[in-house]
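Hello,

Here is the structure I promised to pass on to you. Have a look at it first, and then read my notes underneath.

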2 protein chains.
Amino acid sequence: MRGNHNDQIAKSSEANTRKKMSVGIWHCLIIFLSLFYPTTGLKSQGSIVEDMAIKHVLIPIVMEAEATPFVKHLGLKPVAAFFPSNTPFLAFSGEHHNTKVTVITLGKDKVYGTGVDNVGTVSASLATYLALSKLEGDVDLVMNAGTCGGFKRKGAGIGDVFLTTGVANHDRRIPIPGFDTYGTGKLATVDSSKMASKLGYKTGVCTTGNSLDWVEKDDDLMKENDASVKDMEAAAIAWTCAMSEIPYLGVKVVTDIVDGGIATQEEFMANLASAAESLQKALPLVLDYVCDETREEL
Amino acid sequence: MRGNHNDQIAKSSEANTRKKMSVGIWHCLIIFLSLFYPTTGLKSQGSIVEDMAIKHVLIPIVMEAEATPFVKHLGLKPVAAFFPSNTPFLAFSGEHHNTKVTVITLGKDKVYGTGVDNVGTVSASLATYLALSKLEGDVDLVMNAGTCGGFKRKGAGIGDVFLTTGVANHDRRIPIPGFDTYGTGKLATVDSSKMASKLGYKTGVCTTGNSLDWVEKDDDLMKENDASVKDMEAAAIAWTCAMSEIPYLGVKVVTDIVDGGIATQEEFMANLASAAESLQKALPLVLDYVCDETREEL
């Protein structure tokens, strides 16, 4: 559902109005119940994709290899001087079905002289914050797209597309009351369960850490986070979005099985190109759904 | 050594000139040798405290409890609207011996509703970047002050003050060529060995991770980083400084012994207040040294 759509509202049928009322009552009931039964432990962003007016989507994609097929597919153009010149970050923008789309990538490392992509939470949070500031409140949804590890124990397979229900950290252990909750940093993300069902995608929590691999303690915490997928940026980007009160949604394609017995880095490198292609197929479909002004009539 | 000090230069004695030439020759020799013997593996910032013209010091101090005694001691005043209103960060400013001093703290958590200090790399990097942007190139040195864990095996004891020689990460394991170096993220910091010797402080590498505690793999990597102290922000702040080409120096007071057999959190909580007092004593001395226009004559 979008903001300025008076014509469509005027045309809506009585049945549609009843449907909306019914949805409204359900939402109220869910909110009421969640006050008394906070079973998930996730702080809610309270946004449901179908209820959002989306005029501009900011899409952080960490790696160039992940972003390029999608940027080309949408015909997005590089934006000069979008980011301050002392940062390595890049921006591409354009339109898709009358919705503005800005893709940002984290650029290549110069600080350590490696030339690799600036992966991880620190650069991801900074780039997202700067992009949101640059776009001055014009962003309705941050859609963080990229590859991830998937958990076999949660039904993930290579190539699967996951839409996040929440994010959390598994490498910020601070065993002091209050700090422990801060460290884990659980946040609910946009509710995209209807969209996932419609597009045949899976949903689940994305757990974030700055390592590509994992140690036993990480795995304990990834289990505690009830994670379906694992990445290196989602929780930091979602933190940045929460601070700016912008809804966050993760769209993650599985490159490797975390609990599958093969070293992450081998599987990741073998599947990165095909996952980028899979992401390029999935992202336009998600974007189509998010931008669809007529969705309520479907 | 500072920038605008022609009067002092005019007064310098022949002996002082010879001393400078001698220091210059030694610096050249060290630079020449370091080209052929890069034994430390740290990317150099190439700054020596005694050679720097320091008119403005930015001092990121993560926790309020760490910052308050120092802010009061220097009589710094809160700066309204220094940071964007959607961030939790705080700034205090004033002067010390004609040098501008800006202290920033990471504020209290609202995103997760815990109210604890926003510790860790993500918030530290963002706050430092925003502060450097706000001060528009006016900062000559970032002096990151705070508490840390110390390694007995490197001679650290509770209450010791360490000046950093370098920083690195121990929780960013990315076992892919190039990414591994990026993940570790070693950076040399300002050379403050003379100052440390003069003030009776210790020097060493600060290793950074987002956990207060550590697991076996962390310890392996902390050893590889040749760390004397361990914190939760230094490497991220130094990365931000390197991006902006601003020299970084860590001033860290030991609250707990990492390899001492007592749980970090217990020792940390027991010693936080006394370490903050120790920091409050050390920081003005470091600042006095850094700001001292007459140091070359000493």
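Let's start with one pair of residues: the side chains of R173(A) and D218(B) form a salt bridge, at 3.0 Å from N to O. Please keep in mind that this is a predicted model.

That pair belongs to a wider picture. Four salt bridges are found by the rule across the interface of chain A and chain B, and 16 residue pairs are in polar contact between the two chains, with both residues at pLDDT 80 or more. On the side of chain A that touches chain B, the elements giving two or more residues are α4 (121-134), α5 (179-184), α7 (216-224), α8 (234-243) and α9 (264-291) of chain A. The most comes from α4(A), which gives seven residues. Sorted by class, this side of chain A has 29 nonpolar, 16 polar and ten charged residues.

How many residues does the contact take from each chain? There are 55 from chain A and 55 from chain B. The size of an interface is often given as the accessible area lost when the parts come together. Between chain A and chain B, about 4,800 Å² is buried, and carbon and sulfur atoms give 68% of that area.

Now for a single residue in chain B. H56(B) sits in strand β1 (residues 56-60) of that chain. Is H56(B) buried or exposed? H56(B) is buried, because its relative accessible area is 3%, under the 20% cut-off. The side chain of H56(B) also makes a polar contact with the side chain of D138(B), at 2.8 Å. Residues that H56(B) touches include T99(B), V101(B), L135(B) and L141(B).

Enjoy exploring!

Conventions: Residues numbered from 1 in each chain as written. Chains lettered and ligands numbered in written order. Predicted model: local features only at pLDDT ≥ 70, side-chain atom pairs only at ≥ 80, totals over all residues. Heavy atoms only, no water. Helix = DSSP H or I, 4+ residues; strand = E, 2+ residues; numbered from the N terminus. Buried < 20%, exposed > 50% of the residue type's maximum accessible area, 1.4 Å probe, protein only. Polar contact = N/O pair within 3.5 Å; in protein donor to acceptor, adjacent residues only side chain to side chain. Contact = heavy atoms within 4.5 Å. Buried area = accessible area lost by both parts, 1.4 Å probe. Nonpolar A, V, L, I, M, F, W, Y, C, P; charged D, E, K, R; others polar. Lists of a residue's contacts leave out its neighbours within four places in sequence.
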